[in-house]
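Student: Got a few minutes to go through this one with me? I have some quick questions.
Tutor: Sure, put it up.

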Amino acid sequence: MNASLFLVAVSPVLLVLIFLVILRLPAVKAMPLSWLIHAGLAYVIWQVPLKQVAAASFEGLIIAGSVLWIIFGAVFLLNVLRSSGAIDTIRHFFINISPDRRVQVILVAWLFGAFLEGASGFGTPAAICAPLLVALGFPPLAAVVLALISNSFPVTYGSVGTTIFVGVAQGLQQGPDLAPIVANYLGNLPLSEYLHIVSAKSAMLNWLPGTFLPLLLSAMLTRFWGENKSWKEGLEIWRFALLSGFTFTTFSVLIAVFLGPEFPTLLGSMLALIVMVTLAKKGILLPKEPWFFHSSTPSQLITMKEPLKIPTWKALSPYLIATIILLLSRLRFLPFKEWLNIPQIGWSNILGTEISTQFAPLYSPGAIFTLTALLSVFLLGLRKKELGGALKTSATSLISSAIALGTAVPLVRIFINSGFNQLNLGSMPIELAASMASALGPVWPLFAPYVGSLGAFISGSATFSNLMFSLFQFGAAVENKLDPALINALQTVGAAVGNMICVVNVVAASSVVNLQGNEGKIIRFTILPSLLICLIVGILAMFLF
């Protein structure tokens with residue numbers, strides 16, 4: 001690629017960084033501008049036909065609609081809980097486990113978020129955990145940032161292993177069969193066994209940085225949102241924080257090694273949650289003095305004495321119902337997944353191109369959240385007027401998100417579908433990655449996670465990132481005489497870490513806590529941890545594997 005082509009290929013990243021992070025425009029302005037400029041560059045310089053650009057944009061609109069459906073369901077459920085008074089009870093429940101805000105962020109954002117990721121994935125954890133943290137009294141910005149950073153390592157096995165079973169498995173195929181380079185390398189080794197190896201290596205790469213992540217969450221909480229702006233106050237909970245990271249990552253390694261890619265996040269988080277809630281209730285490994293947001297301390301003590309409108313079991317039951325339905329709908333040995341995927345919304349061969357997209361509205365977490373919200377209306381005794389208010393509030397809150405996502409996702413799809421062009425080039429992500437791999441050679445393990453993270457940043461999904469780059473990463477490994485399973489594992493870990501900075505997730509998470517317009521500020525908080533974690537993982541791969 002020459003310089004102009006390289007700039008076009010990196011323009012989605014550059015435009016988002018310039019408009020959102022540097023110029024600090026809200027996503028509702030930044031993303032339409034980015035889409036228009038990138039579409040023009042793709043047409044004029046990359047020579048992607050206008051029909052292809054338009055088809056990719058329509059595809060992006062349909063995908064954006066599927067994301068908005070998830071956001072609506074999550075917001076609707078939250079508003080039902082808020083209108084009924086159940087949120088007050090949930091706040092009391094977590095305060096009764098521990099009033100310490102550092103403990104709450106570890107239990108809610110890290111472990112409960114990981115459980116939701118293992119069950120459903122695709123943006124669900126941030127959409128639920130961020131508003132739950134706000135309901136507990138966290139500042140909205142802190143809630144979104146900490147929920148996004150937490151939703152990183154667990155994504156490696158998100159949605160009962162979809163990131164591996166769909167992302168990596170299909171990413172290594174060309175058409176219905178394995179790509180020739182993969183088939184030749186694997187020989188008689190079944191793809192399922194190769195995926196098991198990738199899964200185990202991914203868990204091992206996650207182990208060390210994942211153990212320290214809860215401590216980072218606690219330290220960021222006290223440094224950026226505490227009265228004293230102190231790192232030290234966050235580090236004081238080091239024993240509890242490190243154990244919460246250690247239990248989750250260790251359980252995940254054991255499950256990945258012995259059971260495969262489906263349950264490391266789901267079961268690992270469940271087991272760790274049981275252990276850490278038990279310890280927190282007894283005050284084991286916790287500092288003597290709990291840590292509060294200074295302004296919320298008096299009101300917190302008062303609300304704990306108020307009578308509750310909703311019993312604890314009833315207030316928590318909507319989240320339990322949603323989790324159970326999500327889990328039942330995603331287990332492959334049950335028929336529900338197949339049934340719910342029958343109704344499809346989409347467009348095949350858009351505008352006569354090869355671009356097609358479909359999504360199953362009933363299988364989407366949005367449908368499950370909405371169903372749970374409607375069931376909760378009866379369970380929690382919500383009145384008709386309160387239900388109408390919850391619906392209206394949920395719908396109106398989506399307006400700015402619709403504009404941001406309705407241009408962000410089309411930008412991504414133009415980038416991904418740019419392989420059909422008059423210059424006989426591959427797609428922009430493939431050309432970028434190929435240039436990097438040929439230049440970096442033996443030190444490729446240091447950079448492989450960044451490719452995965454870039455894919456998630458652009459596409460909005462670790463699964464999509466794995467679909468885009470797994471075959472490329474495999475080829476780069478073979479070309480440079482590296483272990484393909486290790487490089488594919490670095491891809492999956494990088495893609496998971498990229499979730500904390502991807503525009504789609506940031507817009508979705510900020511929308512559910514009414515923080516639209518602050519997307520650039522959020523990314524400024526999450527980008528450094530994501531880059532640092534990718535570096536750590538790459539170094540581990542270079543020297544320990």
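Student: Let's start with cysteines. How far is the sulfur of cysteine 534 from the closest cysteine sulfur, and which cysteine holds that one?
Tutor: Keep in mind that this is a predicted model. The closest sulfur belongs to cysteine 502 and lies 13 Å away, which is too far for a bond.

Student: Is cysteine 534 buried or exposed?
Tutor: Buried, because its relative accessibility is 1%.

Student: How many disulfides in total, then?
Tutor: The count is zero. Cysteine 129 is in no disulfide either. Its nearest cysteine sulfur is that of cysteine 502, 16 Å off. Cysteine 129 also counts as buried, at 1% relative accessibility.

Student: New topic: aromatics. How many aromatic pairs are there in the whole structure?
Tutor: The search finds 17. One of them joins phenylalanine 224 and tryptophan 231. The centres are 5.6 Å apart and the planes make 80°, an edge-to-face arrangement.

Student: Are those two rings' residues buried, exposed or partly exposed? I mean phenylalanine 224 and tryptophan 231.
Tutor: Phenylalanine 224 is partly exposed, at 28% relative accessibility. Tryptophan 231 is partly exposed too, at 41%.

Student: And what is the geometry between phenylalanine 224 and phenylalanine 525?
Tutor: Their ring centres are 5.2 Å apart with the planes at 80°, so this pair is edge-to-face.

Student: Which helices does that pair tie together?
Tutor: Phenylalanine 224 is in α10, residues 191–225, and phenylalanine 525 is in α25. The two parts are 301 residues apart in sequence, so the pair links segments distant along the chain. Phenylalanine 525 counts as buried, with 19% relative accessibility.

Student: Which residues make up the aromatic cluster there?
Tutor: Phe224, Trp225, Trp231 and Phe525 form one cluster.

Student: Back to α25. What is its span from first C-alpha to last?
Tutor: It reaches 37 Å over 26 residues, 519–544. That is close to the 38 Å expected at 1.5 Å a residue.

Student: Where is the kink in α25?
Tutor: At threonine 526, with an angle of about 30°. Proline 529 follows shortly after.

Student: What about α15: where does it bend, and by how much?
Tutor: At proline 318, by about 35°. The helix covers residues 312–330, 19 in number. Its end-to-end C-alpha distance is 28 Å, close to the expected 27 Å.

Student: Which residues of α15 are buried?
Tutor: The buried set is Ala315, Ser317, Pro318, Tyr319, Ala322, Thr323, Leu326, Ser329 and Arg330. So proline 318, where the helix bends, is among the buried ones. As for spacing, an α-helix has 3.6 residues a turn, so residues three or four places apart point the same way.

Student: Polar residues next. Where does aspartate 100 sit?
Tutor: In the loop between α4 (86–97) and α5 (101–119). Aspartate 100 counts as buried, because its relative accessibility is 3%.

Student: What lies 3.3 Å from a polar atom of its side chain?
Tutor: The backbone nitrogen of tryptophan 291. Beyond its neighbours within four places in sequence, aspartate 100 contacts Glu289, Pro290 and Trp291.

Student: Last one: asparagine 488. Which helix is it in?
Tutor: α23, residues 484–497. Asparagine 488 is buried, at 0% relative accessibility.

Student: What is asparagine 488 in contact with, leaving aside neighbours within four places in sequence?
Tutor: Leu172, Tyr194, Val198, Ser470, Gln473 and Phe474.

Notes
Residues numbered from 1 in each chain as written. Predicted model: local features only at pLDDT ≥ 70, side-chain atom pairs only at ≥ 80, totals over all residues. Heavy atoms only, no water. Helix = DSSP H or I, 4+ residues; strand = E, 2+ residues; numbered from the N terminus. Expected span 1.5 Å × (residues − 1). Bend = angle between axes of the 7 residues up to and from the residue. Buried < 20%, exposed > 50% of the residue type's maximum accessible area, 1.4 Å probe, protein only. Polar contact = N/O pair within 3.5 Å; in protein donor to acceptor, adjacent residues only side chain to side chain. Contact = heavy atoms within 4.5 Å. Disulfide = S-S within 2.5 Å. Phe/Tyr/Trp six-rings, centres within 6.5 Å; stacked < 30°, edge-to-face > 60°.
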